Amino acid sequence: MAKRTTNRPQKRLTFIDIIKGNFLNRDEIKTHYKYFLLLFILMMAMIYSNHLVNKKIKIVNALKEETEEYKSRNAYAQSKLIKVKMESQLGKEVAKDSLMTLENHPHKLLIKLDSTDAKTK
């Protein structure tokens with residue numbers, strides 16, 4: 001005699017069953033394993049693409065910092081160039097007036113007043 005299959009109601013799925021992994025042994029999962037396998041592959045592809053995006057973001061941030069450094073270097077070089085041009089232009093204007101640039105820096109003269117001289121005046 002063949003055994004009769006009875007449709008007995010399955011136990012409700014609880015949170016503890018999900019944590020333990022007991023839901024994987026249910027009959028519904030066994031019949032639809034292809035869909036779950038597809039979902040798993042899609043999730044792994046999504047995680048991998050997210051990982052690649054994070055790598056690209058790090059590279060872009062490093063390049064942004066590098067460009068900011070080069071911009072500041074360029075601004076500094078341009079300001080120095082403008083100063084050099086101004087100095088050469090100033091040198092030409094001074095040469096027209098027959099003035100010469102100083103070879104030695106000027107000396108600072110300090111005059112000390114004697115306390116006796118201050119009282120006599």
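**A dialogue on a predicted chain**

Colleague: Which residues does UniProt list for "transmembrane region"?

Modeller: This is a predicted model: local features need pLDDT (the predictor's confidence in each residue, from 0 to 100) of at least 70, side-chain atom pairs count only at pLDDT 80 or more, and totals for chains, interfaces and linings use all residues. Residues are numbered from 1 along each chain as its sequence is written, and side-chain values use heavy atoms, without hydrogens and water. In an unreviewed entry, whose annotation may be inferred rather than shown by experiment, UniProt gives the region as residues 33-53.

Colleague: How far apart are the end C-alpha atoms of residues 33-53?

Modeller: Over residues 33-53 the chain is 100% helix and 0% strand (DSSP runs of at least four residues, H or I, and at least two, E, numbered from the N terminus). The end C-alpha atoms of this stretch lie apart by 30 Å.

Colleague: What pattern does the protein chain follow along the sequence?

Modeller: The protein chain has 4 helices and 0 strands. Read along the sequence, the pattern is therefore α-α-α-α.

Colleague: What span should the 64 residues of H3 have?

Modeller: The expected span is 1.5 Å times one less than the number of residues. The end C-alpha atoms of H3 are 94 Å apart, which agrees with the expected value of 94 Å.

Colleague: In which helix is confidence lowest?

Modeller: The mean pLDDT of the protein chain is 83, and 86% of its residues reach 70 or more. Confidence is highest in H3, at a mean of 91, and lowest, at a mean of 61, in helix H4.

Colleague: Which residue forms a salt bridge with Arg73?

Modeller: A search of the whole structure finds 1 salt bridge (a side-chain nitrogen of Lys or Arg within 4 Å of a carboxyl oxygen of Asp or Glu). The two residues are 4 apart in helix H3, so about one helical turn separates them. The closest N and O atoms are 2.8 Å apart, and the partner of Arg73 is Glu69.

Colleague: What is the relative accessibility of Glu69?

Modeller: Buried means under 20% relative accessible area, exposed over 50%, and partly exposed in between (1.4 Å probe, protein chains only). Arg73, at 49%, counts as partly exposed. Glu69 also counts as partly exposed, at 39%.

Colleague: What is the relative accessible area of Met44?

Modeller: Met44 is in helix H3, residues 33-96. Buried residues make up 3% of the 121 residues in the protein chain. Met44 is partly exposed, with a relative accessible area of 44%.
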